[in-house]
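Trainee: I want a close look at a single part of this model. Pick one strand pairing, explain it, and then work outward to the rest.

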2 protein chains.
Amino acid sequence: MTDAATLNAVLNRIDANMPQAVTRLQALLRIPSISTDPAFAPNCRAAADWLVRELQDLGFDAQTYDTPGHPMVVGQAGADQGPCLLFYGHYDVQPVDPLALWHNDPFDPHIEETPDGAVIRGRGASDDKGQLMTFLEACRAFQAETGTLPARIKVFFEGEEESGSPSLVPFMGTHADLLSADLALICDTGLFQGKTPAIVTMLRGLLGEEVVISGPTKDLHSGLYGGAAINPVRVLVKIIASLHDDTGRVTVPEFYDDVEELPDAMRAQWQALSFDHADFLGKVGLSQPAGEQDRTPLEMLWSRPTCEVNGIIGGYTGDGFKTVLPAEARAKISFRLVPGQDPHAIRDNFRAMVRAMLPADCRVEFLGHGASRASKMATTAPAFEQARQALSEEWGCAAAFVGSGGSIPVAGHFKTVLDMDAMLVGFSKDDDQIHSPNEKYDLKSFHKGIRSWARILARLSA
Amino acid sequence: MTDAATLNAVLNRIDANMPQAVTRLQALLRIPSISTDPAFAPNCRAAADWLVRELQDLGFDAQTYDTPGHPMVVGQAGADQGPCLLFYGHYDVQPVDPLALWHNDPFDPHIEETPDGAVIRGRGASDDKGQLMTFLEACRAFQAETGTLPARIKVFFEGEEESGSPSLVPFMGTHADLLSADLALICDTGLFQGKTPAIVTMLRGLLGEEVVISGPTKDLHSGLYGGAAINPVRVLVKIIASLHDDTGRVTVPEFYDDVEELPDAMRAQWQALSFDHADFLGKVGLSQPAGEQDRTPLEMLWSRPTCEVNGIIGGYTGDGFKTVLPAEARAKISFRLVPGQDPHAIRDNFRAMVRAMLPADCRVEFLGHGASRASKMATTAPAFEQARQALSEEWGCAAAFVGSGGSIPVAGHFKTVLDMDAMLVGFSKDDDQIHSPNEKYDLKSFHKGIRSWARILARLSA
C-alpha cells in the first residue's frame, strides 16, 4: 500500500539521484558480458556478481546460481504482505561485430547529446542492461524513502538470453519455489513508435537452426575440379532460395497449418494505433515492406511467422579472390513463430525438407539454437489495467496494448513451467540499434522508465 | 646444340645435387608470399629478391621491376645463338586459410614419407614454387657442367598470379623487348592422372566477380524488423541460385553463344586417355560428376565453361547465434571460360542479369577480379613434338597433349601482347592439394621435372 505522498517522495528522490543512477548503469555496461561467445564467460560471471552486490546493497537476499552455462542471479526483498512480484531481466549482451562500424568502444559507455536528447551509448545500453536497471533504481528509491519495498519483490536475472537460454527452463524447473510469484514483470520491450508507453500482449516465438552442408573432403581448386565437383555453397543457396515462394510465404511443409489468424478486435485495435510504417522503414533506409504481400506491415511484424537467414559463410571471404570450391558451407536460419505454431514440428519439417533437397555426395548437419513458442498474455488480469494507468500517468498519454515481432521466450516459460502470467513493460525505442553497432538508450527512457516502475509498483501494491 | 654425352653429364649432376636443390626450394617456400592479402606485400618482395639472388648466382643478368602491385623478376643468360626461350613462373602463393586444417605450419616446409613416395609439404610447394625451381635447377646443372646454357634463356617471374595478375599485361606492353623470345615455356600444370607427362594445349579462361548486395542502412534485429524489412542474404542467394538451370547449365544470357564445340579429333584423343573419373572424384570424397548432365567429366573439366561461387558471407558467422538481419551480403563468383567466349561480354551480361533481379530498396556493387580468355596452343610448331619426345624419354611412357580446366591467363597474354606461342609443361599431381590445406609436391615430380627440363632444353637447342 503506497499513498500518493509516499509515491511523490519516491519520484522526487528518483529525479534527484539520476546522476548516480547513470554512473551505476555505466559500470554495468563496462562489463563485456557477451553470452554467445565462450571467450566472454568470465565477463558474464562478472556481470552476475556485480548485480548480486547491487541487490545486496538494496537489502535483497541475493546470490548467483551456477548452471551448465552462465550463472543465474536471484534475490528477494520487501514487504511480507501484498502481492509477490517477480522481475526478470538479462545481463548478457549481443556480440559487437562488425566492430569497425562502432564510433566508440562498445564497452566504454558514454553520454552523448543528440537532436532527440541525451543518450547513453554502448552494447547492452538498451538490451537489456539499461532496462533492467530501471527496475532496480525504482526499488532503490522506495527502499531509501520508506525503508522497505511496497510489495514482496523477487528479481531473476539470466545471462543466456542472447544465446538461446539453454539453462533457463531447467533452472525454473528445479527452483520453482524460489521463483514462484503472483506475476512476472519483464522489462525487455519498447515504447510504441518511440513515444507511447506500451504493454506487450503478444510475442513471436523463435526457432534457430544452423545448417552445415559438406561435399568434397577438402577445399578444391575451382579450375581443376570446377564443372565436375559439387559445390556446397551452391547447394546451400539453392536450399535457402527455396524457403520462400514468390509471394514471400515460407515453403516449409505445414508451416502455416496451425497459425492463428489475428482476431478482428485486435486487428482493429492495431489499426487504431496508426502505425507509420513509412517512417519505421525509412529510418533504416528502406521504403517497401518486403514480407508477405497480402499483409499490413504491423501484421507482418506482430502476427505473422517468418523465416530469415541471420548468417551465411562458405569459401574464401577475405580480401581479393581465391578460386576455391569449398568443402563446406553453413547458414544460421531462424523462424519467428506466432501463436499456434509448434517449434519442434517446424524444426522436423524444415530438416526433412533440407534433407530431401540434398544432392548426391553431400551431407548435412543441423545445430539447434533454441526453440520457443509464441506467447499471448492474459490481459484481462487486473494488473494489466493497473499498469496501463500507471504508465499513462507517467507519460501523459494513453498507454497501449501492443504486439511485438521479437521473441522473449521467458514469458512463455513463466506460464508453462511456473504457471505465472507475465507482463511486459519496457522503454526502448526502435532507433536504439539493439543487436547493431552503436546501440544506445535514451536517458529519457532510463529516467521515465525508473519513474514508471515506481508508479506501477505503487499501483500493484495498492 | 647439346650432344648426348653432355646431356648425360648434366642429368648425372642433377641426380647428385638433389639434396641441395631441395634445400633451396625449402628456403623459397619459407617466404609467405601471399599476393592477394596486402599484409603480405613485404613477403612477396622478399620472394622476388630471393629469386634475383638465385638467378645472379646462376650467371643471369637479373633484377626486380616495380609495378603498382608486387614486383616482376626478369633475367637473361646463355648462348648467343640458337633459339631464345622465355621461361615463366610465379612466386606468389594462395592464402592458407583454413589454417586449422594444416597439419604443420604452411610456411615451414618439410619432407614427408608417404605410401606414394617422399613429398615436400607447404604452401606453394606445387603451385608454383616447386615447379619454377625445376627449371632453375636444370639451368644450374647446365651452367655447372658446360659453363653456359644451351640456348639464350630469359626468365620471367610474376608475383600476382594468384590475385588476378593486374600488372602483367601492362608490364608486358611496356617491356616487350625485354621479354620477347621465340617461345614461352610455362611450368604451372601437371602430370596426366598423376603419372603421364603432358603438354597442355587448351586452357580455360577466368572471369572473377565480387557481388555486394546492400539493403538496410545497418544491421537490424530480426525480431523487430523480420517480415517487413528486406534481407540482403536472401536477395543474394536467390540471385546465385538462379545462375544455373536444373540441368547444370549457366543461365547468364548469351553465355553459350560463342562456345566452340570440341573438335571430333580432340574428343577422340581425350577418350583415348581413358580418364578414370571415378578415381578422380573418389579421391576427394565424391562419386558423381555434378556439372552439365550431357557431358563426360573430361569434357566438363577441359572444354566446358562453368560458373562457381568461391566465397559467400553475410550476417553473423561466429559461434552461437545472433538474430540479425544483415545490412549487406557478398559473394565471390567466378566463371571458367572456353575458346570463343569473351570475358567482357559475359561480365556485362552477368551484371545486367543481377541488376534485373534486384528488388526495391537494394543496391548492388560489383568488384572485378580479373577477366581472361581461354587459350588454344599452336601444337603444330616443331617445339611441341620435340618437347613431347623429351618428356617421353624421361618418363618412359608416351607424353600426352591434354586440356586443363584451370586458367593460366599468361599463356594467352604471351600470344596477344607479345605474339609468342607458349608451351605448358608441368609435373604437379591432382592430389597435390594446391589452393587447399597441406599442399605438397612429390620429390619425384621435382627430380624428374628438373631432368625433364634438361632434356627439353637439349632438344630445343639441337
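Mentor: Start with the term: two strands pair if DSSP finds at least two bridges between them. Keep in mind that this is a predicted model.

Now the part itself. Strand 11 of chain A is joined to strand 11 of chain B, residues 306-315, by five bridges. The two strands run antiparallel. Take one residue as your anchor. A:Ile312 has B:Gly314 as its bridge partner in strand 11 of chain B.

Step back to the interface around that pairing. In total, 78 residues of chain A contact 78 residues of chain B. Several elements of chain A each supply at least two residues to the side that touches chain B. Among them are strand 10 (220-221), helix 7 (222-225) and helix 8 (232-241). Helix 11 (297-303), strand 12 (324-325) and strand 13 (328-337) also belong to that list. Strand 11 (306-315) is on the list too, and of chain A's elements it gives the most, with nine residues. By class, this side of chain A has 30 nonpolar, 34 polar and 14 charged residues.

Next, how the two chains are related. A turn of 180 degrees, with a shift of 0.0 Å along the axis, lays chain A on chain B with an RMSD of 0.0 Å. That is why the relation is the one of a two-fold axis. Both copies use the same surface: 100% of the contact residues of chain A recur in chain B.

Now place strand 11 within chain A. The chain is divided into domain 1, covering 4-203 + 374-460, and domain 2, covering 205-259 + 292-372. Taken over C-alpha atoms, the centres of the two domains of chain A are 34 Å apart. Eleven residues of domain 1 are in contact with 14 residues of domain 2 in chain A. On the domain 1 side, strand 16 (400-404) and helix 14 (409-418) of chain A each supply at least two residues. By class, that side has three nonpolar, seven polar and one charged residues.

Cross to chain B and look at strand 9, residues 205-214. Seven of its ten residues are buried, so strand 9 of chain B is largely enclosed by the rest of the structure. Two neighbours pair with it. Strand 13 of chain B, residues 328-337, runs antiparallel to strand 9 and is joined to it by ten bridges. There, B:Glu210 has B:Lys332 as its bridge partner in strand 13. Strand 14 of chain B also pairs with strand 9 in the antiparallel sense, over eight bridges. In that pairing, B:Leu206 has B:Ser372 in strand 14 as its bridge partner.

Stay with strand 14 of chain B, residues 363-372, which holds B:Leu367. This leucine has 13 other C-beta atoms within 10 Å, so B:Leu367 is partly exposed. From B:Leu367 to B:Lys332 is 35 residues in sequence and 9.0 Å in space, C-alpha to C-alpha. B:Lys332 is the bridge partner of B:Glu210 that you just met.

For contrast, go to strand 4 of chain A, residues 110-114. Of its five residues, the number buried is zero, so strand 4 of chain A lies largely in the open. It pairs with strand 5 of chain A, residues 117-121, in the antiparallel sense over five bridges. A hairpin joins the two strands through two residues. A:Glu112 stands opposite A:Val119 in strand 5 of chain A.

Loops can be enclosed too. B:Pro71 sits in the loop between strand 1 (61-65) and strand 2 (72-78) of chain B. B:Pro71 has 25 C-beta neighbours inside 10 Å, so it counts as buried. Leaving out residues up to four places away in sequence, B:Pro71 touches B:Arg45, B:Ala48, B:Thr64, B:Tyr65, B:Asp66 and B:Gly159. B:Glu158 is 87 residues from B:Pro71 along the chain, yet their C-alpha atoms are separated by 6.9 Å.

Finish in the core. The largest nonpolar core has 269 residues, and A:Ala454 and B:Ala454 touch the most other members. Again leaving out residues up to four places away in sequence, B:Ala454 touches B:Leu7, B:Val10, B:Leu11 and B:Ile14. B:Ala138, B:Ala141 and B:Phe142 are touched by B:Ala454 as well.

Key. Residues numbered from 1 in each chain as written. Chains lettered and ligands numbered in written order. Predicted model: local features only at pLDDT ≥ 70, side-chain atom pairs only at ≥ 80, totals over all residues. Contact = placed C-beta atoms within 7 Å. Helix = DSSP H or I, 4+ residues; strand = E, 2+ residues; numbered from the N terminus. Nonpolar A, V, L, I, M, F, W, Y, C, P; charged D, E, K, R; others polar. Core = buried A, V, L, I, M, F, W, Y, C linked by C-beta atoms within 7 Å. Buried ≥ 20, exposed ≤ 12 C-beta atoms within 10 Å, placed from the backbone. Least-squares fit on C-alpha atoms with pLDDT ≥ 70 in both. Domains from an automatic or database assignment.
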